[in-house]
Amino acid sequence: MALVLWGVLPYVVALVLVGGLVWRYRYDQFGWTTRSSQLYESRLLKIASPLFHFALLAVLMGHVVGLLIPKVFTDWIGLDQHMYHLGAFYGGGLAGVALVVGLAMLIYRRRTQSAVFRATTANDKFMFLVLAAAITAGLVATFTGDVTPAGEPHNYRETVSIWFRSLLVFQPDVDSMVAATWQFKVHVLFGFFLFAITPFTRLVHAFTAPVHYLFRPYVVYRSRDTRPVRSGTARGRGWDPVGTRDRDRR
């Protein structure tokens with residue numbers, strides 16, 4: 001059973017995630033959206049949405065540091081386990097709590113605003129349930145997962161992190177994950193489930209970053225005003241009108 005959960009299931013989830021994204025892109029590009037409900041209500045959204053997304057970004061960065069950076073590296077730069085644990089506990093805990101608050105506000109908004117609630121599908125409700133379960137399991141692991149049932153200290157960087165990095169080289173270290181506390185195991189399983197359903201929910205928009213905005217040309221706005229410019233009037237700073245210079249001199 002351990003081999004299936006920690007040695008086979010991760011790759012199955014990865015295949016479902018990638019395959020689902022490819023399928024969604026090919027056959028449902030018009031549905032690749034968050035289905036924004038800002039038109040229905042914006043007062044709560046302008047607070048809840050930034051809070052949720054910035055907290056989520058902080059949580060993801062914490063996961064990247066905790067899972068990909070080996071303990072030997074942090075020891076080498078002089079960051080001992082105690083200091084690392086304090087940073088992960090308070091920093092990760094604060095980001096996790098902010099994430100919960102942001103998600104709770106989004107769910108509250110959907111439930112109390114009738115127009116938004118009518119636009120909420122069964123798929124959305126299921127997605128919110130899985131997302132909330134994964135976040136809650138992560139908070140439980142952060143605050144209580146550092147002690148085994150036998151009362152011994154547990155360091156996830158010596159269990160979960162090693163297992164995760166072993167997956168990247170296709171040599172899953174199942175024993176390392178087996179040695180993790182149940183809190184981290186539950187969190188990982190909910191994470192698997194969340195990634196598996198992502199291509200088929202509104203969460204798919206996370207894979208559509210507007211990177212092209214960084215390279216697109218400037219948008220030039222031209223006035224439709226046909227009134228002639230008075231003689232001697234100096235032009236302000238900005239774009240020079242295109243195709244109107246000769247007309248203005250008449």
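In the predicted model, Asp28 and Arg24 form a salt bridge in which the closest N and O atoms lie 2.7 Å apart. The two partners are not equally accessible: Asp28 is partly exposed, with a relative accessible area of 27%, whereas Arg24 is buried, its relative accessible area being 6%. Arg24 counts as buried because its value falls under the 20% limit, and Asp28 counts as partly exposed because 27% lies between that limit and 50%.

This pair belongs to a set of four salt bridges found by a search of the whole structure. Another of them joins Arg109 to Glu41, with 2.6 Å between the closest N and O atoms. The Arg109–Glu41 pair connects distant parts of the chain, the two residues being 68 residues apart. Arg109 is located in helix H4, which covers residues 81–112, while Glu41 sits in the loop between helix H1 (2–27) and helix H2 (45–68). Both residues of this pair, Arg109 and Glu41, are buried.

A further salt bridge is formed by Lys71 and Asp75, for which the closest N and O atoms are 3.0 Å apart. Here both residues belong to helix H3 (residues 71–76), and because they are four residues apart, about one helical turn separates Lys71 from Asp75. Asp75 has a relative accessibility of 36% and is therefore classed as partly exposed.

On the surface, a nonpolar patch of about 770 Å² was identified. The patch is made by Leu3, Val4, Val8, Val12, Val16, Trp23, Tyr27 and Phe200. One of these residues, Val16, lies in helix H1. Val16 is partly exposed, with a relative accessible area of 32%. This value satisfies the accessibility requirement for patch residues, because that requirement is a relative accessible area of over 30%.

One annotated position was also examined. The UniProt record, an unreviewed entry, places the feature "binding site" at His187. In the model, His187 is part of helix H9, which spans residues 182–197. When neighbours within four places in sequence are left aside, the contacts of His187 are with His63, Ala134, Ala137 and Gly138. Of these contact residues, His63 falls within the range of helix H2 (45–68).

How values were computed:
Residues numbered from 1 in each chain as written. Predicted model: local features only at pLDDT ≥ 70, side-chain atom pairs only at ≥ 80, totals over all residues. Heavy atoms only, no water. UniProt positions renumbered as here; feature names shortened; annotations may be inferred. Contact = heavy atoms within 4.5 Å. Salt bridge = Lys/Arg side-chain N within 4 Å of Asp/Glu carboxyl O. Buried < 20%, exposed > 50% of the residue type's maximum accessible area, 1.4 Å probe, protein only. Patch = residues over 30% accessible without salt bridge, like charges linked within 9 Å, V, L, I, M, F, W, Y side chains within 5 Å. Areas by Shrake-Rupley, 256 points an atom, 1.4 Å probe, with all protein chains shown as cover.
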